Amino acid sequence: MQYEVASIPLGQHRLPPLPYPYNALEPVISEEALRIHHDIHHKAYVDGLNTAEINLAEARRNNDYNYIKYWENELAFNGSGHILHSIFWTVMAPLGRGGQPGPHTLFRINNYFGSFNSFKEQFKNATEKVEGSGWGILTWQPSWRRLEILQSEKHQNLSQWSGIPILVCDVWEHAYYLDYQNKRKEYIDNWWNLINWYEVERRLLMAMNGQVPLTQ
Ligand code: MN
């Protein structure tokens, strides 16, 4: 049986070329700024992501997780950076070439934000007021089948944007403190035996088809 159709091989992410020349976004974004942003900053995310993946593969091989927090952070920081920049380049076009919002975009925006203008004001305000470095993001929330505007403060807070959760384990203290007090490891060891692998398989198959089970 063929399970794997196409996936990016471990440690082999590549810097995607810009879909337009370096000077195409002038005068809004200068050629020099775009060149540095793409060739240096985005490239660093790609290299960092590959390095993190390779080091985590090494950790699995050696069963050595002493640096797991460091490499997971690198994986999230560089993974989100690579994903978000790859999107950023493609959602821009030279002045006058970007067209108008399409029918599905307009329908979903009006449906949730009330009007295009309300959406625009919230998006611009959310983006302007990100604390420190980060992104303003219009995201499709697949669990609720609707759009949402989110701020990503930094982007490395241990997630890779665009991921769909398959298996999750709650390690907030409220999840285990009554039963295990501070023994989180013991809770996780025991929790492992509770996993519903039928549901994990179902969620994975749905996610591979770009779907997420609807949450009320
Ligand atoms: Mn950037």
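Strands here are DSSP runs of E with at least two residues, numbered from the N terminus, and with that convention the following legends describe close-up views of a predicted model.

**Figure 1. The loop between the two strands, centred on Arg145.** Arg145 lies in the loop that runs from strand E1 (134-141) to strand E2 (146-153). The backbone of Arg145 has a phi near 50°, which is a positive value in a residue other than glycine. With a relative accessibility of 47%, Arg145 counts as partly exposed, because that class covers the values between the limit for buried, under 20%, and the limit for exposed, over 50%.

**Figure 2. Ser162 in the loop between E2 and H5.** Ser162 also has a positive phi, of about 95°, although it is not a glycine. The relative accessible area of Ser162 is 60%, and this residue is therefore exposed.

**Figure 3. The manganese ion and its protein donors.** Two histidines supply the protein donors of the manganese ion, His37 through NE2 and His85 through NE2, and they lie 2.0 to 2.1 Å from the ion. These two residues link distant parts of the chain, for His37 belongs to helix H1 (residues 31-62) whereas His85 belongs to helix H2 (residues 68-90), and 48 residues set them apart. The accessibility of each donor residue completes the view: His37, at 27% relative accessibility, counts as partly exposed, while His85, at 5%, counts as buried.

**Figure 4. Glu31 in helix H1 and the segment before this helix.** Glu31 is placed in helix H1, and with a relative accessible area of 30% this residue is partly exposed. When residues up to four places away in sequence are not counted, Glu31 touches Tyr22, Asn23 and Glu26. The C-alpha atoms of Glu31 and Pro21 are separated by 8.6 Å, and these two residues are 10 residues apart along the chain. Glu26, one of the residues that Glu31 touches, is joined to Pro27 by a cis peptide bond with an omega of about 5°. Pro27 itself is found in the segment before H1.

**Figure 5. The packing of helix H5 against helix H6.** Helix H5 (residues 173-180) packs with helix H6 (residues 184-191) at an angle of about 100°, and the axes of the two helices are 10 Å apart. H5 and H6 are therefore roughly perpendicular to each other. On the H5 side the contact is made by Ala175, Tyr176 and Tyr180, which meet Arg184, Glu186, Tyr187 and Asn190 of H6. Sorted by class, this contact of H5 with H6 has four nonpolar residues, one polar residue and two charged residues.

**Figure 6. The meeting of domain 1 and domain 2.** The domain assignment of the protein gives domain 1 as residues 31-90 and domain 2 as residues 103-208. The centres of domain 1 and domain 2, taken over C-alpha atoms, are separated by 20 Å, and 14 residues of domain 1 are in contact with nine residues of domain 2. As a setting for these views, the protein has seven helices and two strands, which follow the pattern α-α-α-α-β-β-α-α-α when read along the sequence. Of its 216 residues, 27% count as buried, and among the contacts between residues at least 6 apart in sequence, 58% join residues at least 24 apart. Taken along the principal axes, the C-alpha atoms of the protein fill a box of roughly 60 × 45 × 40 Å.

Technical notes
Residues numbered from 1 in each chain as written. Predicted model: local features only at pLDDT ≥ 70, side-chain atom pairs only at ≥ 80, totals over all residues. Heavy atoms only, no water. Donors = N, O, S within 2.8 Å, 3.2 Å for Na, K, Ca; no water. Helix = DSSP H or I, 4+ residues; strand = E, 2+ residues; numbered from the N terminus. Buried < 20%, exposed > 50% of the residue type's maximum accessible area, 1.4 Å probe, protein only. Axes fitted to C-alpha atoms, helices over the stretch in contact; angles between N-to-C directions. Parallel < 35°, antiparallel > 145°, perpendicular 65-115°, else oblique. Contact = heavy atoms within 4.5 Å. Nonpolar A, V, L, I, M, F, W, Y, C, P; charged D, E, K, R; others polar. Domains from an automatic or database assignment.
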